[in-house]
Structure formats: C-alpha cells, structure tokens
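Biologist: Please take a close look at one helix of this model and tell me how its two sides differ in their surroundings. Put it in the context of the whole chain before going into detail.

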Amino acid sequence: MDNSASLTALYARNPTVAFRNMEGSGFLADQDNEAVYYLNETGAAIWHFLQQPATLVEIAETMQAAFPDIPCQQIEQDVSNTLLQLAEKGLVVISE
C-alpha cells in the first residue's frame with residue numbers, strides 16, 4: 001500500500017467494528033481481532049461520515065465545509081492518513 005489513500009475508492013465501515021463516543025473522540029472495538037483503537041476528533045468525524053460508503057474526496061469536501069479556516073491540502077492529507085490507518089487495521093473496507 002502506498003502512502004496516500006485512493007481518491008476514487010469507496011471507503012466503508014467494517015460491519016464487525018463498534019464505535020464508542022467519548023466527548024468528540026472515541027474508540028473502535030474490532031470484534032474479529034479483539035482489539036480497541038482510539039480515534040481523535042478527526043478520526044471520529046470521518047467514522048461518523050462513513051455511515052454511508054464515501055470517497056476520500058467526498059469526506060475531505062465535507063470536512064473543508066465544516067472547517068473553512070484549515071487549508072484544503074491539510075484536510076485532504078489528514079483524511080487520507082486516517083483512511084489509510086483505518087484500512088491497514090481492517091476497520092474500514094475499500095472497494096474500487
């Protein structure tokens with residue numbers, strides 16, 4: 001896997017993963033691997049957005065609208081990094 005998420009892939013929540021909200025941030029519990037992962041506020045926002053499968057571009061555009069003072073390139077990089085980390089751990093699934 002390279003160091004940036006695909007712009008055209010659809011990202012979706014892994015249905016075996018549960019989310020627990022903790023005042024803006026949260027935790028993901030992976031029932032298959034019996035592991036728990038912390039999500040910061042950006043990660044939690046992306047997880048909420050993935051209630052429906054979405055592309056990196058769709059997520060970044062929504063985040064840009066919510067945080068217009070943050071440079072678009074930074075938001076896209078943060079979303080890309082988060083999606084890659086979630087995918088590497090099997091917490092989200094990807095379809096091209």
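Modeller: The protein chain holds 3 helices and 5 strands, and along the sequence they come in the order β-β-β-β-α-α-α-β. This is a predicted model. Its radius of gyration is 13 Å, close to the 12 Å that the globule rule gives for 96 residues, so the protein chain is as compact as a globular protein of that length. The C-alpha atoms fill a box of roughly 35 × 35 × 20 Å along the principal axes. Of the 96 residues, 38% are buried. Among contacts with a separation of 6 or more, 55% are between residues 24 or more positions apart. The exposed area of the protein chain is about 5900 Å², with 50% of it supplied by carbon and sulfur atoms.

The helix to examine is H2, residues 56-66. Its buried residues are Leu56, Ile59, Ala60, Met63 and Gln64. They lie on the same side of H2, because they cover an arc of only 135° around the axis. The cover over these buried residues includes strand S1 (10-13), helix H1 (41-49) and H3. On the face turned away from the buried side, H2 carries the exposed residues Glu61, Ala65 and Ala66.

H3, which is part of that cover, spans residues 72-88 and contains Thr82. Thr82 counts as buried because its relative accessibility is 14%, where the cut-off is under 20%. Apart from neighbours within four places in sequence, Thr82 is in contact with Thr42, Gly43 and Ile46.

Terms used: Residues numbered from 1 in each chain as written. Predicted model: local features only at pLDDT ≥ 70, side-chain atom pairs only at ≥ 80, totals over all residues. Heavy atoms only, no water. Helix = DSSP H or I, 4+ residues; strand = E, 2+ residues; numbered from the N terminus. Buried < 20%, exposed > 50% of the residue type's maximum accessible area, 1.4 Å probe, protein only. Contact = heavy atoms within 4.5 Å. Arc of directions from axis to C-beta. Rg over C-alpha atoms; globule rule 2.2 N^0.38 Å. Areas by Shrake-Rupley, 256 points an atom, 1.4 Å probe, with all protein chains shown as cover.
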